[in-house]
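Colleague: Got a minute to walk me through this one? I'd like to go from the inside out.

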Amino acid sequence: MKKIALATLLAASAAIASAQVTVSGKIGEYIDGTKTGSTTVNSMVAEPTSSIRFRASETLGSGLTASVVIDTKLAANDPKSVDTQLGDRQSTVGLSSKFGSVNLGRNTHGVWNTLSSTDVFSGFYGTISEDVHNAQGKRLSNATFITVTPIKNINSSYARDTVSEATTYTVGGTLGPVSATYARYESGANTSNVMGATGKLLGIHVGLLRSTDTVAGVETTGTSIGASYKTASPITLKATYGTRSGGTGNITAYNLGTEYAFSKRTMAQVVYRNVNNVGTSADIKQYGIGMVHSF
């Protein structure tokens, strides 16, 4: 009887403890063929945003919530590789309220957040976002991340890395069907300024990006426009076109994608990406067929 009571107590304790902890993530794999110049490589490729995320939260009262996030990249085709490191995508602890949040640790910064949220491929497999724009490393570590929502439909953020002294600022808002964001990255002589805008026109989701980037004294300017259309069936069609000028040479890139949604969590995808590095032999032609499941 005592054993049964103890087991019941342990089960109840576990249920209470886990009530504030959630586990989520995404796994994607693609049969990939990439030709760079005259070299073709056929392989299995993991969707670059595949991850497993643990999130714990506690309501503190007075509108405050404490939270911890540990988000780890998963290279499903090689989970023992160095690409899979605990908390490499995000590892933060912080406080939040309806007015904003303060988090400490490692996370994506404002420039990458603007690029990925505006890109109709969301920075996923096959995107041309980083061919056209500079993501400036995507993440900051040993950093403070502050978000503020002063009024409805207006948001801003600030992040600073105390080691590299990299800083990002963003400000954005929504007016009717249009959302726009400006983000700036500064780290010594390296800078990025990104403007992103999204909206819907005749049922077509459109994303527009414009960036000016400086890395190691080299200046580039990128522009891209993408469109996404969900048909009456569970099929979504996507396409992006972009150009980059300056640096070692101009780049023209485009991609095409088709998604078939088996459910809200599972989809199959076919993607084609083409990057023309003008005046070089490093042109890229990539195709991929794969499946992604979110949980």
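Modeller: Sure, we'll take the cores, then the surface, then a few local details.
This is a predicted model, where local features need pLDDT of at least 70, side-chain atom pairs count only at pLDDT 80 or more, and totals for chains, interfaces and linings use all residues. Residues are numbered from 1 along each chain as its sequence is written, and side-chain values use heavy atoms, with hydrogens and water left out.

Colleague: OK, which residues have the most contacts inside the largest nonpolar core?
Modeller: Val111, Leu115, Leu140, Phe145, Tyr185 and Val194, in a core of 13 residues. Helix H2 (110-118), strand E7 (139-148) and strand E10 (178-187) each supply at least two of its residues. A core here is a set of buried Ala, Val, Leu, Ile, Met, Phe, Trp, Tyr and Cys residues joined through side-chain atoms within 4.5 Å. Buried is under 20% relative accessible area, exposed is over 50%, and partly exposed is in between (1.4 Å probe, protein chains only). Helices (H or I, at least four residues) and strands (E, at least two) are DSSP runs, numbered from the N terminus.

Colleague: What does leucine 115 touch?
Modeller: Leaving out residues up to four places away in sequence, leucine 115 touches Ser129, His133, Asn134, Ala135, Val194 and Leu209. Contact means heavy atoms within 4.5 Å.

Colleague: And how many residues of H2 are buried?
Modeller: Seven of the nine, so H2 is largely enclosed by the rest of the structure. Among the buried ones are Val111, Trp112 and Leu115. The cover over the buried residues of H2 includes E6, helix H3 (129-132), strand E9 (167-175) and strand E11 (190-201).

Colleague: Now the outside. Which residues make the nonpolar surface patch?
Modeller: Val21, Val23, Phe54, Val68, Ile70, Leu86, Val93, Val102, Leu104 and Phe295, for about 830 Å². Patch residues have over 30% relative accessible area and no salt bridge, with like charges joined within 9 Å and nonpolar side chains (Val, Leu, Ile, Met, Phe, Trp, Tyr) within 5 Å. A salt bridge is a Lys or Arg side-chain nitrogen within 4 Å of a carboxyl oxygen of Asp or Glu. Areas come from the Shrake-Rupley method with a 1.4 Å probe, and for residues only the protein chains shown count as cover.

Colleague: Which strands supply at least two residues of the patch?
Modeller: Strand E1 (21-36), strand E4 (64-73) and strand E6 (100-108) each do. Phenylalanine 54 is in strand E3 (residues 51-61), and at a relative accessible area of 36% that residue is partly exposed.

Colleague: Switching topic: how many aromatic pairs are there?
Modeller: The count is four, where rings of Phe, Tyr and Trp (its six-membered ring) pair if their centres lie within 6.5 Å, and planes under 30 degrees apart are stacked, over 60 edge-to-face and the rest tilted. One of them is tyrosine 158 with tyrosine 169, a tilted pair at 5.7 Å centre to centre and 55° between the planes. Tyrosine 158 is in strand E8 (residues 154-161) and tyrosine 169 in strand E9, 11 residues apart.

Colleague: Any odd backbone angles? What is phi of glutamine 136?
Modeller: Near 50°, a positive value in a residue other than glycine. Most residues other than glycine have a negative phi. Glutamine 136 is in the loop between H3 and E7, and is buried at 9% relative accessible area.

Colleague: Where does glutamate 165 lie?
Modeller: In the loop between E8 and E9. Phi of glutamate 165 is near 60°, also positive, and the residue is partly exposed at 49%.
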